[in-house]
Amino acid sequence: MKRIFLALAMLAAAACSSTGGPSIPSGPPSGFTEEAMSGGKYRIVYTSPTDASAKVVGERTLARAAQATLDKGNEWFEIASKIDAKNMQTLVIVMGKGETLAGGPKQYDAKQTLASLKGKIG
């Protein structure tokens, strides 16, 4: 009787653990780290797992900045600072919606940026 009870308990435990569905990863995609900073700034760091060109690293980081901007309910972002290293790029951005800041060359519309990079990044 104990064996039957133990077998049923094991089956029930297995059924509970297998019906939970697939685990959904949280946070940024692989290779990225993100951090909210003071003053409404946001830091995005991309480290390429391969020996990617500086152009590819930059495009992927820019695309992630655009996606993070949209994910947070904003429309545009401006690059406050950028650091390039071998296979890595760090962007510090300020996000917003509605009227943009100064409108300088470091400012991007998040939707347009993603659309323009869609075929370039993989």
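This is a short tour of one structure, a predicted model, with a suggestion at each stop for what to select.

**Stop 1: helix α2**

Select residues 54-71, which form helix α2. This helix has 18 residues and reaches 25 Å from its first C-alpha to its last, close to the 26 Å expected at 1.5 Å a residue. Now colour its buried residues, which include Val57, Leu62, Ala65, Ala66 and Ala68. What covers the buried residues of α2? Show β1 (32-36), β2 (41-47), β3 (76-85), β4 (88-96), β5 (107-109) and α3 (110-117), and you will have elements that are part of that cover. Before moving on, click Gly73, just after α2: this glycine takes a positive phi of about 80°.

**Stop 2: helix α3**

Next, select α3 and pick out Ala110, Thr113 and Leu117, the buried residues of this helix. Turn your view to look down the axis of α3: its buried residues fall within an arc of 65°, so they line one face of the helix. A general rule helps here: an α-helix has 3.6 residues a turn, so residues three or four places apart point the same way. The buried residues of α3 pack against α2, β3 and β5. On the face turned away from that buried side, look for the exposed residues Lys111, Gln112 and Ala115. Then zoom in on the start of α3, where a side-chain oxygen of Asp109 comes to within 3.1 Å of the backbone nitrogen of Lys111.

**Stop 3: the strands**

Select β1 and β2 together. They pair in the antiparallel sense over five bridges, and Ala36 stands opposite Tyr42 in β2. Four residues lie between the strands of this hairpin, where Gly39 takes a positive phi near 75°. Now add β4, which runs antiparallel to β2 and is joined to β2 by seven bridges. Along this pairing, Ile44 stands opposite Leu91 in β4.

**Stop 4: the core**

Finally, show the side chains of Tyr42, Ile44, Ala65, Phe77, Ile79, Ile93 and Met95, which have the most contacts inside the largest nonpolar core, a set of 18 residues. Which elements each supply at least two residues of this core? They are β2, α2, β3, β4 and α3. The largest share, six residues, comes from α2, the helix where the tour began. In soluble globular proteins, nonpolar side chains tend to be buried together.

End by centring on Tyr42, whose contacts farther than four places away in sequence include Glu34, Ala36, Ala68, Lys72, Leu91, Ile93 and Met95.

How values were computed
Residues are numbered from 1 along each chain as its sequence is written. This is a predicted model: local features need pLDDT of at least 70, side-chain atom pairs count only at pLDDT 80 or more; totals for chains, interfaces and linings use all residues. Side-chain values use heavy atoms; hydrogens and water are left out. The expected span of a helix is 1.5 Å times one less than its number of residues. Buried means under 20% relative accessible area, exposed over 50%, partly exposed in between (1.4 Å probe, protein chains only). Contact means heavy atoms within 4.5 Å. The arc is that of the directions from the helix axis to the C-beta atoms. A polar contact is a pair of N or O atoms within 3.5 Å; within protein, one must be able to donate a hydrogen and the other to accept it, and residues adjacent in sequence count only if both atoms are side-chain atoms. A nonpolar core is a set of buried Ala, Val, Leu, Ile, Met, Phe, Trp, Tyr and Cys residues joined through side-chain atoms within 4.5 Å. Two strands pair if DSSP finds at least two bridges between them.
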